Amino acid sequence: MIDVQAFGKVAVLMGGHAAERLISLRSGQAVLEALRRAGVDAEAVDAGDADVLRQLEQGGYDRVFNVLHGRGGEDGVMQGCLELLGLPYTGSGVLASALGMDKLRTKQLWRGVGLPTPEFMMLETATDLERAAREVGFPMMVKPSHEGSSIGMSKVEAAGQLPAAWELARRYDAAVLVERWVTGAEYTAAILDDVALPLIRLETGNVFYDYQAKYESDETRYHCPCGLPAERERDYQQLALAAFRALDGRGWGRVDFMVDAEGRPWLIELNTVPGMTDHSLVPMAAREAGLDFETLVVRILATSLDGGQG
């Protein structure tokens with residue numbers, strides 16, 4: 001049984017300046033309300049405010065529940081600030097946050113330790129478009145390397161579509177990644193305190209699981225239980241945990257992966273501060289594991305009691 005009084009005064013850090021600001025505000029409000037229902041002394045702090053660091057330093061807070069999505073909150077920047085302020089916080093530390101937000105470095109590290117991830121390369125010049133067509137092949141996914149929530153992403157099926165997809169991704173990030181398209185089922189593994197929760201299989205009528213499918217559509221289908229044989233599900237959960245640990249993930253997070261027609265899993269990305277809205281996946285997996293939303297947020301907050309994220 002977790003004693004909520006041990007948390008002291010908690011800042012729920014949300015909003016920020018990233019492209020995912022609105023989703024972060026929705027996640028943060030849901031977390032704030034759940035913590036208060038659980039008896040936690042919690043207050044909202046918008047990281048988009050110019051004086052946010054002063055608020056955190058002078059607000060009398062004992063710890064931070066970080067629900068910032070995207071740059072400035074999920075990339076190690078805020079984690080470093082919180083460590084300088086001496087405030088324990090939820091989620092991964094500086095290293096894992098920075099790596100997880102950088103899709104290129106994530107994939108390079110996974111490949112370096114022998115974990116499966118689709119072929120990839122960076123697009124830096126127009127010449128790279130031709131090389132990507134040869135080396136990665138079609139279909140492929142084009143995505144900003146430092147964005148989340150599928151923002152700026154496109155599926156490309158022919159060379160003629162590649163320049164427009166590159167330009168779209170470049171609106172959000174100078175670093176653009178192309179990745180071999182994996183045809184198959186899409187899964188996600190929520191991680192809580194070094195345990196992989198029940199897998200979720202995602203099904204959408206869209207071309208892929210994009211922003212609209214994630215946050216707006218009522219037609220996206222979430223299968224949890226995921227329908228896999230128990231042994232296969234355990235294997236995929238262990239792969240997700242290995243991927244999370246390889247980047248030094250801590251506390252909680254989410255690993256997304258695809259499974260091709262031959263049953264081979266391919267790691268796609270790591271989310272160190274997943275969404276916590278009514279459409280979000282971590283709360284869904286937690287429910288299947290017997291954890292309601294209030295219990296989930298208290299469990300996540302409890303991981304900050306250890307401190308020393310690093």
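These legends walk you through several close-up views of a predicted model.

**View 1. Helix H1 meets helix H11.**
Welcome to a place where two helices cross. The axes of H1 (residues 21-37) and H11 (residues 293-302) come within 9 Å and cross at roughly 95 degrees. That angle makes the two helices roughly perpendicular. On the H1 side, look for Ala-30, Val-31, Ala-34, Leu-35 and Arg-37. Their partners in H11 are Phe-293, Glu-294, Val-297, Val-298 and Leu-301. Eight residues of this contact are nonpolar and two are charged, with no polar ones.

**View 2. The buried side of H11.**
Stay with H11 and turn to its buried residues, which are Leu-296, Val-297, Val-298, Ile-300, Leu-301 and Ala-302. What do these buried residues of H11 pack against? Their neighbours are H1, helix H10 (281-288) and four strands: S1 (9-14), S3 (63-66), S8 (184-192) and S12 (252-260). Val-297, Val-298 and Leu-301 may look familiar, as they also take part in the contact with H1.

**View 3. Met-14 and its surroundings.**
Met-14 belongs to strand S1, and its relative accessible area of 4% counts as buried. Ser-24 is 10 residues away in sequence, while the two C-alpha atoms are 5.5 Å apart in space. Leaving aside residues up to four places away in sequence, Met-14 touches Ser-24, Leu-25, Gly-28 and Gln-29, along with Ala-44, Val-45, Asp-46, Ala-47, Val-67 and Leu-68. Keep an eye on Asp-46, one of these contacts, for the next view.

**View 4. Asp-46 pairs with Arg-21.**
Here a salt bridge joins Asp-46 and Arg-21, with their closest N and O atoms 2.8 Å apart. Asp-46 sits in strand S2 (residues 41-46) and Arg-21 in H1, so the pair ties together parts that are 25 residues apart in sequence. Are these two partners buried or exposed? Asp-46 is buried, at 18% relative accessible area, whereas Arg-21 is partly exposed, at 28%.

**View 5. Further salt bridges.**
How many salt bridges does the model hold? The count comes to 20, and a few of them are shown here. Arg-111 meets Glu-119 at an N to O distance of 3.0 Å. Arg-111 is partly exposed at 39% relative accessibility, and Glu-119 is partly exposed at 39% as well. Another salt bridge pairs Arg-221 with Glu-203, where the closest N and O atoms are 4.0 Å apart. This pair links distant parts of the chain, 18 residues apart: Arg-221 is in strand S11 (residues 221-223) and Glu-203 in strand S10 (residues 200-203). Arg-221 is partly exposed at 48%, and Glu-203 is partly exposed at 33%. Salt bridges also link Lys-107, Lys-143 and Glu-179 in a network.

**View 6. Leu-241 in helix H9.**
Helix H9 (residues 230-246) carries Leu-241, a residue that is buried at 4% relative accessibility. Val-255 is 14 residues from Leu-241 in sequence, and their C-alpha atoms are 8.2 Å apart in space. Apart from residues up to four places away in sequence, Leu-241 touches Ile-191, Asp-194, Val-195 and Ala-196. Asp-194 returns in the last view.

**View 7. Cysteines without a disulfide.**
The structure holds zero disulfides. Why is Cys-226 not bonded to Cys-224? The sulfur of Cys-224 is the closest cysteine sulfur to that of Cys-226, but at 7.2 Å it is too far for a bond. Cys-226 is buried, with 3% relative accessible area, while Cys-81 is partly exposed at 21%.

**View 8. Unusual backbone geometry.**
Most residues other than glycine have a negative phi, and most peptide bonds are trans. The residues here depart from those habits. A cis peptide bond joins Phe-138 to Pro-139, with omega about -5 degrees. Pro-139 lies in the loop between helix H6 (126-135) and strand S5 (140-144). Cys-224 and Pro-225 are also joined by a cis bond, with omega near 15 degrees, and Pro-225 is in the loop between S11 and H9. Asp-194 is not a glycine, yet has a positive phi of about 65 degrees; this residue lies in the loop between S8 and strand S9 (195-196) and is partly exposed at 41%. Asp-248, likewise not a glycine, has a positive phi of about 65 degrees. Asp-248 is found in the loop between H9 and S12 and is partly exposed at 27%.

Terms used. Residues are numbered from 1 along each chain as its sequence is written. This is a predicted model: local features need pLDDT of at least 70, side-chain atom pairs count only at pLDDT 80 or more; totals for chains, interfaces and linings use all residues. Side-chain values use heavy atoms; hydrogens and water are left out. A disulfide is a pair of cysteine sulfur atoms within 2.5 Å. Buried means under 20% relative accessible area, exposed over 50%, partly exposed in between (1.4 Å probe, protein chains only). A salt bridge is a side-chain nitrogen of Lys or Arg within 4 Å of a carboxyl oxygen of Asp or Glu. Axes are lines fitted to C-alpha atoms, for helices over the stretch in contact, and angles run from 0 to 180 degrees between N-to-C directions. Angles under 35 degrees count as roughly parallel, over 145 as roughly antiparallel, 65 to 115 as roughly perpendicular and the rest as oblique. Contact means heavy atoms within 4.5 Å. Ala, Val, Leu, Ile, Met, Phe, Trp, Tyr, Cys and Pro count as nonpolar, Asp, Glu, Lys and Arg as charged, and the others, Gly among them, as polar.
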